[in-house]
Amino acid sequence: ITRTAVSDASGVENGRWAVLGTTSYGECIVGVTTDITSGASTSGCTRAVGARCDGTTGNGVFGYITSSGAAYVYKRVAGVATLLRLAGPLSLGSDWSPRRLKLRVDTGGAYQLYAHGTLVAYGVDSALATGGALATGRPFIIDHHPDSGALTREYSEFYVAVPDPSAVCH
């Protein structure tokens, strides 16, 4: 997926959402590789990975890394975005390098955000647990670029998986 549009409304949740697939998941791992291939300043540009979208109202849980290296996890319920976790700053390379993001959410309400395979933010929220407002939903990505300068963003290597709950380490 490639996007070059500019001047999105303020707030990451007001970027463009791409809901990927029609299957709803409870426990899932969602991943994507994002890159900025050309353009102006990347300041304010956000590329996020998410889970549990209902497909119509823009509700879900999503995580992203800013150009300054801060990791954010938000939930959006009934149209209201709430910060669940802020971590960082992280040392993950320049803004021009591809970013590999992964978000894991389980049926107990736990979430983990990974960047380049490293756990960068985690927590538990009742809205993500079985019976909560975001108990199930579809995977998605968010592309948000509020500036007017041209910037080409690419999304590739998207995947969704259901972890094997019976896996045990001995």
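Is Phe62 buried or exposed, judged by its relative accessibility? In this predicted model, Phe62 has a relative accessibility of 0% and therefore counts as buried. This residue is a convenient place to begin, and the aromatic side chains come next.

## Aromatic pairs and the aromatic cluster

A search of the whole structure finds eight aromatic pairs. In one of them, the ring centres of Trp17 and Phe62 are 5.9 Å apart and the planes stand at 75°, so the arrangement is edge-to-face. This pair links distant parts of the chain, since Trp17 belongs to strand S2 and Phe62 to strand S5, and 45 residues separate the two in sequence. Phe62 also pairs with Tyr64, and here the rings are stacked, with 6.5 Å from centre to centre and 20° between the planes. Both partners of the stacked pair, Phe62 and Tyr64, are buried.

These rings are part of a wider arrangement, in which Trp17, Phe62, Tyr64, Tyr72, Tyr74 and Phe140 form one aromatic cluster. Elsewhere, an aromatic ring is found together with a charged group: the charged end of Lys102 sits over the ring of Tyr114, at 4.4 Å from the centre of that ring.

## Nonpolar cores

The largest nonpolar core of the model contains 24 residues, and within this core Val61 and Leu113 are the residues with the most contacts. Several strands contribute to the core, with at least two residues supplied by each of S3, S4 (46-53), S5 (60-65), S6, S7 (80-87), S8, S9 (108-115) and S10.

Another core, of ten residues, lies apart from the largest one, and its members include Cys53, Phe62, Tyr64 and Ala70. Phe62 and Tyr64 thus appear in this core of ten residues as well as in the aromatic cluster.

## Salt bridges

Side chains of opposite charge can pair when their charged atoms come close. The structure holds four salt bridges. One of them joins Arg104 to Glu27, with the closest N and O atoms 3.4 Å apart. Arg104 lies in strand S8 (residues 99-105), whereas Glu27 lies in the loop between strand S2 (16-19) and strand S3 (28-39), so this salt bridge ties together parts of the chain that are 77 residues apart in sequence. Both ends of the pair are partly exposed, Arg104 with a relative accessible area of 28% and Glu27 with a relative accessible area of 22%.

Lys75 and Asp125 meet through their side chains in a further salt bridge, at 3.0 Å from N to O. This pair, too, links distant parts of the chain, with Lys75 in strand S6 (residues 71-77) and Asp125 in strand S10 (residues 118-129), 50 residues apart. Here the accessibilities fall in the buried class, Lys75 having a relative accessible area of 16% and Asp125 one of 13%.

A salt bridge is also formed by Asp143 and Arg153, whose closest N and O atoms are 2.7 Å apart. Asp143 is in strand S11 (residues 138-144) and Arg153 in strand S12 (residues 151-161), and the two are ten residues apart, in a pair that links distant parts of the chain. Both Asp143 and Arg153 are buried. The pair is not isolated, for Arg3, Asp143 and Arg153 are linked in a network of salt bridges.

## Backbone features

Most residues other than glycine have a negative phi, and most peptide bonds are trans. Against that background, three places in the backbone may deserve a look when the model is inspected. The peptide bond that joins Gly88 and Pro89 is cis, with omega at about 10°, and Pro89 is found in the loop between S7 and S8.

His116, a residue other than glycine, has a positive phi near 55°. His116 is placed in the loop between S9 and S10 and is partly exposed, with a relative accessible area of 23%. Glu157, likewise not a glycine, has a positive phi of about 50°; Glu157 is placed in strand S12, and with a relative accessible area of 58% this residue is exposed.

Notes: Residues numbered from 1 in each chain as written. Predicted model: local features only at pLDDT ≥ 70, side-chain atom pairs only at ≥ 80, totals over all residues. Heavy atoms only, no water. Helix = DSSP H or I, 4+ residues; strand = E, 2+ residues; numbered from the N terminus. Buried < 20%, exposed > 50% of the residue type's maximum accessible area, 1.4 Å probe, protein only. Core = buried A, V, L, I, M, F, W, Y, C linked by side-chain atoms within 4.5 Å. Phe/Tyr/Trp six-rings, centres within 6.5 Å; stacked < 30°, edge-to-face > 60°. Lys NZ or Arg CZ within 6 Å of the ring centre and 35° of its normal.
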